[in-house]
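Have your viewer ready, with side chains switched on. We will go from one charged pair to the next, selecting residues as we go.

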Amino acid sequence: MRIASTAADADVTEGAGMPESADPPRADPPRGADAASHDALWFTEVVRAYSTALVRYFARRGPRQDADDLAAEVFATAWRRRDDVPDDAVLPWLYRTAGFTLANHRRKTIDVPVDEVPEAGTVRVGEDPELAALFDAELRGALAAVGERDRQILLLHAWEGLDGEELAAVLGISRSGADAALSRARKRLRASWGERMSF
């Protein structure tokens, strides 16, 4: 499945050109139309509306050549679980699924000798693609110093333009929890950046 002409077409270093935040409505099926054609119409609209956003999401966080395939995997999941996708929060649902898809993809590509497998926790890739996409070395260093969860929240906000209800939906927490998490992440980033700038 081809999602975009190339992943390089996606703006991978800036947050500009974000998709419309309004989700395409799931149209009522025409009279006499069966459920399959209704689902196909809905799915076509979802892919049309959000393929660029998903390709950008993956291109900013990993090898560009994988972005189309990973976006296609998210859309395949959306098709299989189409009854679970909330009509009023399609894009946040896709981003949440994209986060799980990316985590699974990264685990598959990390070769760890058996005697070095940690007892608990996750193994990060040696060169973090999310940080490698940033040109500013000081910002890279500050983001590397905050926790992975804080980095995820900050990049969802900066790159995908998410906050409020959308950020809460992607993180799977309440709106107030998402607001607090974003505030804490910003505070930690400022502290990390300040430490790096002090001599």
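## A tour of the salt bridges

Start by selecting R188 and D150: they form a salt bridge, with 3.0 Å between the closest N and O atoms. The pair links distant parts of the chain, as R188 sits in helix α8 (residues 175–197) and D150 in helix α6, 38 residues apart. Keep in mind that this is a predicted model. Now show the surface around the two partners. R188 is partly exposed, with a relative accessible area of 42%, whereas D150 is buried at 8%.

Next, select R81 and D84. Their side chains meet in a salt bridge too, at 3.2 Å from N to O. Here R81 counts as partly exposed because its relative accessibility is 40%, and D84, at 45%, is also partly exposed.

Now go to E160, in the loop between α6 (148–158) and α7 (164–171). Is E160 buried or exposed? With a relative accessible area of 4%, E160 is buried. Add R61 to your selection: its side chain and that of E160 meet in a salt bridge of 2.8 Å, N to O. R61 lies in the loop between α1 (35–59) and α2 (64–80), and E160 in the loop between α6 and α7, so this pair ties together parts that are 99 residues apart in sequence. R61 is buried, like E160.

Finally, bring in R60. A polar contact of 2.7 Å joins the side chains of R60 and E160, and R60, R61 and E160 are linked in a network of salt bridges. If you would like to keep exploring, the whole structure holds seven salt bridges.

Key:
Residues are numbered from 1 along each chain as its sequence is written. This is a predicted model: local features need pLDDT of at least 70, side-chain atom pairs count only at pLDDT 80 or more; totals for chains, interfaces and linings use all residues. Side-chain values use heavy atoms; hydrogens and water are left out. Helices (H or I, at least four residues) and strands (E, at least two) are DSSP runs, numbered from the N terminus. Buried means under 20% relative accessible area, exposed over 50%, partly exposed in between (1.4 Å probe, protein chains only). A polar contact is a pair of N or O atoms within 3.5 Å; within protein, one must be able to donate a hydrogen and the other to accept it, and residues adjacent in sequence count only if both atoms are side-chain atoms. A salt bridge is a side-chain nitrogen of Lys or Arg within 4 Å of a carboxyl oxygen of Asp or Glu.
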